[in-house]
Amino acid sequence: MDAPSALAALRTLLRGVSGRALPGVLHSIREDDFEDLLQSNEDAMLRIIADELRQAMPEDAMLSSEHKAMEKMEQSTKPMVHLDAFLYEDSFVDQMCEEGTMNRHYCLSCGSWKTAPLEFISHSLSLVELKFLFQHALPDLTGKMLLDVGSRLGAVLFGGALYSSAARLVGVEMNKDFCELQEKIINKYHFSDKVQVLHADICTQTSLLQDADVIVLNNVFEYFLDENEQTRAWTCISSHARKKGAFLVTVPALEESLAKLQTGIDLKTWVEEVQLDCNVYLGPDTDNEALESIHVYQVR
């Protein structure tokens, strides 16, 4: 039932309510919380997966094997916290702040009220961002193949399996520990018919880059590779991700990722950015500013 039909049905239903009871019914409708109606079975499944992964990870969702990422975060000009957006939705973070187990601000001068917002970085998309990506930003993926470069905890793969009709979803991840975590979820929740994870360097998987209909690159190299390695990776991707009409999904924008690197990549001859409408409501955790950080490009 579409929106106009639903409103017509609601009006018909309300006409059957007695005049004395109608004001109370309307008041209850205004005051009631109908957010639970927005949660689909797919949302519930992703939250169950996120909860399971959250139990298996340290609170900052960083593994001891991620030495380079930790070093880069420590080198930041102001305190930076890794908060995995897939594991910790905004409502969850709000609850942790209320309980005093997490803060959003740090003190600029110890003992004073002079504070500043902490800088948060996530290497995963949130549930809301996944819904936006698969239900609004990308076209129908029936029969298509999606490649997630640096699949980490598998959020994009599991989101694609639940929110899209993609035929195949492949993650390429260099960290063996993350590959093992993803494999456990794939096997437990029976995703193996369409989801696959490879423990590999993306530069060794050029055939996947050539065949993919969608390539996802979410904060993929900056925190895990030095500039020479980043240049090598982006050069490889731009050389092989040439399937006409294929989509690249990036956070941040390609222009930002390449700005400090000497890659020689000419974006104008490679891709064209797709203009996205980020003014959507996907539930109480919708953060339109976060949605604007997602960029989609189509290969020319």
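These exercises work through a predicted model.

**Exercise 1. The sheet**

Task: Work out the strand order of the open sheet and find which strands stand at the edges.

Solution:
- Step 1. Seven strands make up the open sheet. Their order is E7-E6-E5-E8-E9-E11-E10, with mixed pairing.
- Step 2. Look at the ends of that order. Strand E7 (195–199) and strand E10 (271–274) each have a single partner strand, so one side of each lacks a neighbour in the sheet.
- Step 3. Add the twist. From one strand to the next it averages 20 degrees.

**Exercise 2. Two ends of the sheet**

Task: Describe how E10 is joined to E11, and state which strands helix H8 touches.

Solution:
- Step 1. Strand E11 covers residues 295–299. Four bridges join E10 to E11, and the two run antiparallel.
- Step 2. Pick out one facing pair. Glu273 stands opposite Tyr297 in E11.
- Step 3. Turn to helix H8 (residues 176–188), which packs on the sheet. H8 touches strand E6 (168–173) and E7. The direction of H8 makes about 160 degrees with that of E7.

**Exercise 3. Helix H6**

Task: Decide whether helix H6 (residues 127–137) is largely enclosed or not, and say what its buried residues pack against.

Solution:
- Step 1. Apply the cut-off: buried means under 20% relative accessible area.
- Step 2. Count. Nine of the 11 residues of H6 are buried, so the helix is largely enclosed by the rest of the structure.
- Step 3. Name them. The buried residues are Leu127, Val128, Glu129, Leu130, Lys131, Phe132, Leu133, Phe134 and Ala137. Charged side chains are on this list, including Glu129 and Lys131.
- Step 4. List the partners. Among the helices are H3 (41–56), H7 (155–163) and H13 (288–291). Among the strands are E5 (145–149), E9 (247–251) and E11.

**Exercise 4. A buried salt bridge**

Task: Find the salt-bridge partner of Lys131, and classify both residues as buried or exposed.

Solution:
- Step 1. Side chains of opposite charge can pair when their charged atoms come close.
- Step 2. The partner of Lys131 is Asp43, with the closest N and O atoms 3.2 Å apart.
- Step 3. Place the pair. Lys131 lies in helix H6 and Asp43 in helix H3, so the bridge ties together parts 88 residues apart in sequence.
- Step 4. Check accessibility. Lys131 has a relative accessible area of 8%, so it is buried. Asp43, at 2%, is buried too.

**Exercise 5. Further salt bridges**

Task: Locate the salt bridges of Arg232 and Arg300 in the chain, and give the accessibility of the residues where stated.

Solution:
- Step 1. The count of salt bridges comes to eight.
- Step 2. Arg232 meets Asp201, at 2.8 Å from N to O. Asp201 is in the loop between E7 and helix H9 (206–211), and Arg232 is in helix H10 (residues 227–240). They are 31 residues apart. Arg232 is partly exposed at 40% relative accessibility.
- Step 3. Arg300 pairs with Glu272, the closest N and O atoms being 3.9 Å apart. Glu272 lies in strand E10 and Arg300 in the segment after E11, so parts 28 residues apart in sequence are tied together.
- Step 4. Glu272 is partly exposed at 45%. Arg300 is partly exposed at 46%.

**Exercise 6. A nonpolar patch**

Task: Identify the residues of the nonpolar surface patch and classify Leu13 as buried or exposed.

Solution:
- Step 1. Leu7, Leu10 and Leu13 make a patch of about 300 Å².
- Step 2. Leu13 is in helix H1 (residues 3–15).
- Step 3. The cut-off for exposed is over 50%. Leu13 reaches 60% relative accessibility, so it counts as exposed.

Key:
Residues are numbered from 1 along each chain as its sequence is written. This is a predicted model: local features need pLDDT of at least 70, side-chain atom pairs count only at pLDDT 80 or more; totals for chains, interfaces and linings use all residues. Side-chain values use heavy atoms; hydrogens and water are left out. Two strands pair if DSSP finds at least two bridges between them. Axes are lines fitted to C-alpha atoms, for helices over the stretch in contact, and angles run from 0 to 180 degrees between N-to-C directions. Contact means heavy atoms within 4.5 Å. Buried means under 20% relative accessible area, exposed over 50%, partly exposed in between (1.4 Å probe, protein chains only). Patches are made of residues with over 30% relative accessible area and no salt bridge: like charges are joined within 9 Å, nonpolar side chains (Val, Leu, Ile, Met, Phe, Trp, Tyr) within 5 Å. Accessible areas come from the Shrake-Rupley method with a 1.4 Å probe; for residues, only the protein chains shown count as cover. A salt bridge is a side-chain nitrogen of Lys or Arg within 4 Å of a carboxyl oxygen of Asp or Glu.
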